[in-house]
Each structure stands twice: as C-alpha cells, then as structure tokens.
Amino acid sequence: MYPEMKAIVARAAHEPHTRAVIATCGLRKVWEKVLTRNGLSHVKVIGGGRLEDGYVVTGTTKGNIVDELHRKKLRVHAFGDSPLDIEMLEKADQAHVVVGDTASRSKSMDAALKNAITKGLDAHQIVLSASESPRPDPTSLPRYKLNHASLDLLFKRLLYTQ
C-alpha cells in the first residue's frame, strides 16, 4: 500500500464525517490482509473475485457503488489506477487518478484515460513519485500533490460539501 494512500485511508477512517471503503475487482481477502498489516482492519472492503464469495466486482460494480452512495445523498471521492476504475471515477464527485511506479502500472490505463477525458472525465492525478511520469501525459490531467496541507484541505472540503 502506497504510504500516501495509507494516509488518506487512515484519515478518512477516523474523520467523523467520512468513511473509507475499498472497492476492488481483486480478492477481498488480499485487501483485508493489506489493511490489517497497515493498522486499518476496520476499513470495509467490497471485493470478491471467487465464485465462493457469491459475487464478482467489476468496473460496472464500482460505478454502481458510487450510484448507490449518491442515492443516499453522500459525496464520493474516488481513487483509482486502472481501467476497471474508470466508471467509478466518471461518476464520483471528485476523481483522483493514482499514478504509481511505471513497472507496476496497468498497461492499458493511458488509453482508457484518454478516452474518458475525451468523454468529459473531470479528474486530477496524484503522482506518487517525483521520478514517475504523469498519466496519460503531462498536460491531460492536472496534478494534485499530496501533503499535510492538501489533505487538510481535502477533508475540510468533504466536511463542508456534505
């Protein structure tokens, strides 16, 4: 788990006006182990990946989760790094494209992002390392720098926009 994302999830999980939820197309158990290892075992994980789980989470499922949260009059900040996150990012009130190290990035995300931007995706990107290149290019999505001040501002906005 990237330290910057751990900071966001930890803060969201402890703010009285926010909740953190991990929606994954991968195995729920993997994320539960990652969260436990990072002291965040109280964070809810929506994930499947195996037929025994009774459901499989897809990109559409992630978009449906945002729809359901909106029906409950909740504001959604979505963070994603793969094409399976595009529908969720498009539907969120605020979309954050997470840009990690090049070696572990989704190879098809740049094309999916370009397509989503063409259709009107309003997002910004969080480039986690100064040595990494932004997605899909340096100018398509504004960069958002994660630091203590920007986290304070993010959570202050969440408080006043609910």
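Which side chains meet in a salt bridge at 3.0 Å, N to O? The close-ups below come from a predicted model, and the first one has the answer.

**View 1. Glu68 and Arg71 pair up in a salt bridge.** The N-to-O distance for these two side chains is 3.0 Å. Both sit in helix 3 (residues 59-71), and because they are 3 residues apart there, about one helical turn separates them. Glu68 is partly exposed, with a relative accessible area of 34%, while Arg71 counts as exposed at 56%.

**View 2. Glu87 and Lys91 join up in helix 4.** Here the salt bridge has an N-to-O distance of 3.3 Å. The spacing is 4 residues within helix 4 (residues 86-91), so the two partners are again separated by about one helical turn. Glu87 is partly exposed at 24% relative accessibility, and Lys91 is partly exposed at 27%.

**View 3. Glu32 and Lys29 belong to a salt-bridge network.** In this pair the closest N and O atoms are 4.0 Å apart. That distance is worth a glance, since the cut-off for a salt bridge is 4 Å. Glu32 and Lys29 are 3 residues apart in helix 2 (residues 28-37), which puts about one helical turn between them. Glu32 comes out partly exposed at 30% relative accessibility, and Lys29 is partly exposed too, at 48%. Zoom out a little and Arg28 comes in as well: Arg28, Lys29 and Glu32 are linked in a network of salt bridges. For the whole model, the count comes to 9 salt bridges.

**View 4. The largest nonpolar core takes in 18 residues.** The members touching the most other members are Val9, Ile22, Leu35, Val43, Leu146 and Leu151. At least two residues of this core come from helix 1 (3-14), and at least two from helix 6 (148-160). Helix 1 is the top contributor, with 4 residues. As a bit of background, nonpolar side chains in soluble globular proteins tend to be buried together.

**View 5. Leu35 and its contacts from further along the sequence.** Leave out the neighbours within four places in sequence, and Leu35 is in contact with Met1, Ile22, Leu40, Ser41, Val43 and Val45. Two of these partners, Ile22 and Val43, are listed with Leu35 among the core members that touch the most others.

**View 6. Another core lies apart from the largest one.** This second set has 17 residues, including Ala95, Val99, Val127 and Leu141.

Note on methods:
Residues are numbered from 1 along each chain as its sequence is written. This is a predicted model: local features need pLDDT of at least 70, side-chain atom pairs count only at pLDDT 80 or more; totals for chains, interfaces and linings use all residues. Side-chain values use heavy atoms; hydrogens and water are left out. A nonpolar core is a set of buried Ala, Val, Leu, Ile, Met, Phe, Trp, Tyr and Cys residues joined through side-chain atoms within 4.5 Å. Buried means under 20% relative accessible area, exposed over 50%, partly exposed in between (1.4 Å probe, protein chains only). Contact means heavy atoms within 4.5 Å.
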